[in-house]
Every structure is written in structure tokens, then in C-alpha cells.
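Grab a pencil and have the structure open beside you. Below are some short exercises, each with a worked solution.

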Amino acid sequence: MKKLLVVLAAAGLLFAMSSCDKTCTCKSFVGGNVITESEVELDKENTNIKKCSDMNTYVTDNNGNKTGLECK
């Protein structure tokens, strides 16, 4: 009985992890100021982007101000 419970729990965990899409919050920065904020949904068919931080394209200038895109 314990083996059956372990197998069912593992199958449920795998199903739960693979069935939902992830939503990222992305902010566009110019000179350290937030210009736009939007939510982007990562679908499981997109093999290039696995996590939100893969979409980050920001650079930091000498004064610590961000310019570009930051996703979390």
C-alpha cells in the first residue's frame, strides 16, 4: 500500500509541475525609470526561454541606472 501511495504522489507531482504555464512580470527601464510594466506568459512549447530571467536584456550605467528589460 505504501508503494502505491508513493507512486501516485510522484505521478501527481510530475503532473502538477508540467501542466501550468509560468507568468513573468517584465519592466522596461530607461535611465533607471520604469517606462512600462507587463505580464508575459511562458508557454511550455517555447523551448528557448525556460525562466523569466532568460528575457533580461538590461544594462547598468555608471550611476547605477538600468536601461533595458528586466523580468521576474
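Before starting, one definition: two strands pair if DSSP finds at least two bridges between them. Keep in mind too that this is a predicted model.

**Exercise 1. Work out how strands β1 and β2 are arranged, and where the chain turns between them.**

Solution. Start with the pairing: strand β1 (residues 22-30) runs antiparallel to β2, with nine bridges between them. Next, look at the end of β1, where Val 30 has Asn 33 of β2 as its bridge partner. Two residues separate the strands, and the result is a hairpin. One turn residue, Gly 31, has a positive phi of about 60 degrees.

Now, is strand β2 largely buried or in the open? Buried means under 20% relative accessible area. In β2 (residues 33-42), one of the ten residues is buried, so the strand lies largely in the open.

**Exercise 2. Find the disulfides and describe the one that involves Cys 24.**

Solution. First, recall the chemistry: a disulfide is a covalent bond between the sulfur atoms of two cysteines. With a cut-off of 2.5 Å between sulfurs, the count comes to two.

Step one is to find the partner: Cys 24 is joined to Cys 52, with 1.9 Å from S to S. Step two is the handedness: the torsion about the S-S bond is -85 degrees, and the link is left-handed. Step three is to ask what gets tied together. Cys 24 sits in strand β1 and Cys 52 in the loop between β2 and β3 (59-60), so the bond links parts 28 residues apart in sequence.

Finally, check the burial of each end. Cys 24 has a relative accessible area of 0%, so it is buried. Cys 52 comes out at 6%, so it counts as buried too.

**Exercise 3. Do the same for the disulfide of Cys 26, then write down the pairing pattern.**

Solution. The partner of Cys 26 is Cys 71, at 2.1 Å from S to S. Cys 26 belongs to strand β1 and Cys 71 to strand β4, so this pair ties together parts 45 residues apart in sequence. The torsion about the S-S bond is about 115 degrees, so this disulfide is right-handed. Both Cys 26 and Cys 71 are buried, and Cys 26 has a relative accessibility of 4%.

For the pattern, number the bonded cysteines in sequence order: the pairing reads 1-3, 2-4.

**Exercise 4. Which residues make up the largest nonpolar core, and what does Cys 71 touch?**

Solution. The core has six residues: Cys 24, Cys 26, Leu 42, Cys 52, Met 55 and Cys 71. Take Cys 71 and skip its neighbours within four places in sequence: its contacts include Cys 26, Cys 52 and Met 55. Thr 25, Ser 53 and Asn 56 are also in contact with Cys 71.

**Exercise 5. Decide whether Glu 70 is buried or exposed, and trace its surroundings.**

Solution. Place the residue first: Glu 70 is in strand β4 (residues 66-71). Its relative accessible area is 11%, so Glu 70 counts as buried. Then look for a side-chain partner: a polar contact of 2.9 Å joins Glu 70 to Lys 66. Last, leave out neighbours within four places in sequence, and Glu 70 is in contact with Thr 25, Cys 26, Lys 27, Phe 29, Asn 56 and Tyr 58.

How values were computed. Residues numbered from 1 in each chain as written. Predicted model: local features only at pLDDT ≥ 70, side-chain atom pairs only at ≥ 80, totals over all residues. Heavy atoms only, no water. Core = buried A, V, L, I, M, F, W, Y, C linked by side-chain atoms within 4.5 Å. Buried < 20%, exposed > 50% of the residue type's maximum accessible area, 1.4 Å probe, protein only. Contact = heavy atoms within 4.5 Å. Helix = DSSP H or I, 4+ residues; strand = E, 2+ residues; numbered from the N terminus. Polar contact = N/O pair within 3.5 Å; in protein donor to acceptor, adjacent residues only side chain to side chain.
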